[in-house]
Amino acid sequence: MTKKITFIDKTFWITESEANPKHVAGLQLLEMPADAPEDYVEQLFVELQSFNKAVSPFNCRVSCFLGYPMKLSPVDQLNMDYHVQMHVLDDINNKPELHKFVAKLHETWLDRDKPLWQYHLIKDKENHGFAIYVKVHHMYGDGATLVRWFQKGYSEQQNSQDFVPVWAADLTLRDRKKANIFKQIMTGLWDIIITAKDLIWILFRLLLKLLRINQVYMPIPFSGTKTILTGQVKKGRVVSTLDIDFFRVKTLSIRLRASANEIMLCAFDIGVHRFLKDYGYTFDKALYTNMPINLRKPGETTAGNKIAIVPVELAHDEKDPYLRLRQIIENHRIVKRAAKVSHPAAFSYYTLLIQSYSTLFEILHISDWFRPIGNILVSNMPGPPNTLYFKDAKLLANYPISAMTPGGGVNITMVTYNGIAQIGLVCCNSKIASLEPMAQYFREAFDMLEGCVDDSSLNVDDIGI
């Protein structure tokens, strides 16, 4: 049985290149059960390879016509030597070395003639833990969809008897009632009219801002600043991860009357500024973030991608971290208000419009000539609130590692798990060797935001000293 794919899903295939693959990934750290044998990971590897029957979309490859993706079609048999692999490292607790190894796995694109996913087990010679690096093509689904799917492969108790990995688990969505055909047609026509009206209104408001008639609206696209992190996306990646207690984030958001997302945006903004300062960059205007917006209705569990990605202005010219946060809150809420009053499809098509230009620049290898849409991409997703187990192994951490957007920058993705904000960073390695300092600056920036509530003398220039 074939599976239809939306145009937004197809764009992740059309815009993919060997230099800029469009898969997303997760780095999971796990603890073996207390009575695990020495060859526990080897046994798990063999068991996972035995699940050679998959469910949609994990059993589907992309069927194309003249290179254009048409549908997802089931394959007769999975090549488990490709889909499930094992590696050995000296010590997965050596985070910089683990990050380098994962970056190598992350830079290569998935085989486009096979179902678009892989599991990599990473065995540790020294400790009682191991890691799993999972990558899945973005056309299978957005972050919310993939988080929901992968929770199917975990349980809240150790489960050796009924364990089934995600690619073989039941991902069936609840049946939707079939609407009246006349109602479907009329609803579709009305949606087209509203979408067109809202898209024209978005473009008109941006024109007014460009002409300096009305400045209070979303940022003009391609307003980002060129830095060592932006430009033509090339093959090669650097990866880093960090943890922040999410209880601290929520507590601080209440004290500062900000959302958790705005708190983290401010910490990321301060940290990126400090990282770029190491390379001699100072700025006379704000940096910009690309912000994914989930366009699903509350409770909606459809598969595929249903997101928009729009630029948001960050902060500038304030040394006080609290005042920088207030700037970000206002800029962030300007975009949220614009999204709230627009039809979701209008925002999707606006995203496609501006991203298509950025992709064209990348295809022509002229991204270095233009300003990027944003300097960083920041997204966050709620994850499971309780401890989970992969079969009988305890899941300690799950760091998301995303794809690169055309025009470069650093992609920062956050997923909450068991009360911890787990953050993955990725960017090109053509001009920088490591993102470890940036991860440390994020920690310091968050600590400073906490401290500024009671100490107004704190200064963002003190980060990294």
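1. Start with the sheet. In this predicted model, six strands make an open sheet in the order S5-S6-S7-S2-S13-S12, and the pairing is mixed. Its edges are strand S5 (84–89) and strand S12 (389–390), each of which pairs on one side only.

2. Strand S7, residues 129–137, is a good place to look next. Nine of its nine residues are buried, and that holds for both faces. Gly129, Ala131, Tyr133, Lys135 and His137 are covered on one side, while Phe130, Ile132, Val134 and Val136 are covered on the other. If you're colouring by accessibility, note that Lys135 and His137 belong to the buried set along with the nonpolar side chains of Ile132 and Val134.

3. On one flank, S7 meets strand S6 (residues 117–124). The two are antiparallel, with seven bridges between them, and they form a hairpin with four residues in between. Two pairs help to fix the register: Trp117 is the bridge partner of Val136 in S7, and His120 is the bridge partner of Tyr133.

4. Strand S2 (residues 23–31) also pairs with S7, again antiparallel, through nine bridges. For the register here, try Ala25, whose bridge partner in S7 is Lys135, and then Gly26, which stands opposite Val134. Val134 is one of the S7 residues listed as buried, and so is Lys135 on the other face.

5. S2 has a further antiparallel partner in strand S13 (residues 393–401), to which seven bridges join it. Leu29 stands opposite Ala397 in that pairing. How many residues of S2 are buried? Eight of the nine are, so S2 is largely enclosed by the rest of the structure.

6. Now for the helices. His332 is found in helix H9, which covers residues 321–340. Is His332 buried or exposed? At a relative accessible area of 3%, under the 20% cut-off, His332 counts as buried. Its side chain makes a polar contact with the side chain of Asn261, at 3.4 Å. Setting aside residues up to four places away in sequence, His332 touches Ser259, Asn261, Glu262, Leu265, Met291 and Val312. I'd look at the His332 and Asn261 side chains together, as Asn261 appears both in that polar contact and among the residues touched.

7. Ile354 sits in helix H10 (residues 344–363). Ile354 is buried as well, with a relative accessible area of 6%. Apart from neighbours within four places in sequence, its contacts are Pro221, Phe222, Ile309, Pro311 and Ile373. As a ruler across the model, take Ile354 and Glu42: they are 312 residues apart in sequence, and their C-alpha atoms are 47 Å apart in space.

8. Last, the surface. Phe7, Ile14, Phe65, Leu66, Tyr68 and Met70 make a nonpolar patch of about 670 Å². Helix H1 (7–14) and strand S4 (68–74) are the elements that give two or more residues to this patch. Phe65 belongs to strand S3 (residues 60–65). Where does Phe65 fall, buried or exposed? Its relative accessible area is 56%, and the cut-off for exposed is over 50%, so Phe65 is classed as exposed.

Methods
Residues are numbered from 1 along each chain as its sequence is written. This is a predicted model: local features need pLDDT of at least 70, side-chain atom pairs count only at pLDDT 80 or more; totals for chains, interfaces and linings use all residues. Side-chain values use heavy atoms; hydrogens and water are left out. Buried means under 20% relative accessible area, exposed over 50%, partly exposed in between (1.4 Å probe, protein chains only). Two strands pair if DSSP finds at least two bridges between them. A polar contact is a pair of N or O atoms within 3.5 Å; within protein, one must be able to donate a hydrogen and the other to accept it, and residues adjacent in sequence count only if both atoms are side-chain atoms. Contact means heavy atoms within 4.5 Å. Patches are made of residues with over 30% relative accessible area and no salt bridge: like charges are joined within 9 Å, nonpolar side chains (Val, Leu, Ile, Met, Phe, Trp, Tyr) within 5 Å. Accessible areas come from the Shrake-Rupley method with a 1.4 Å probe; for residues, only the protein chains shown count as cover. A salt bridge is a side-chain nitrogen of Lys or Arg within 4 Å of a carboxyl oxygen of Asp or Glu.
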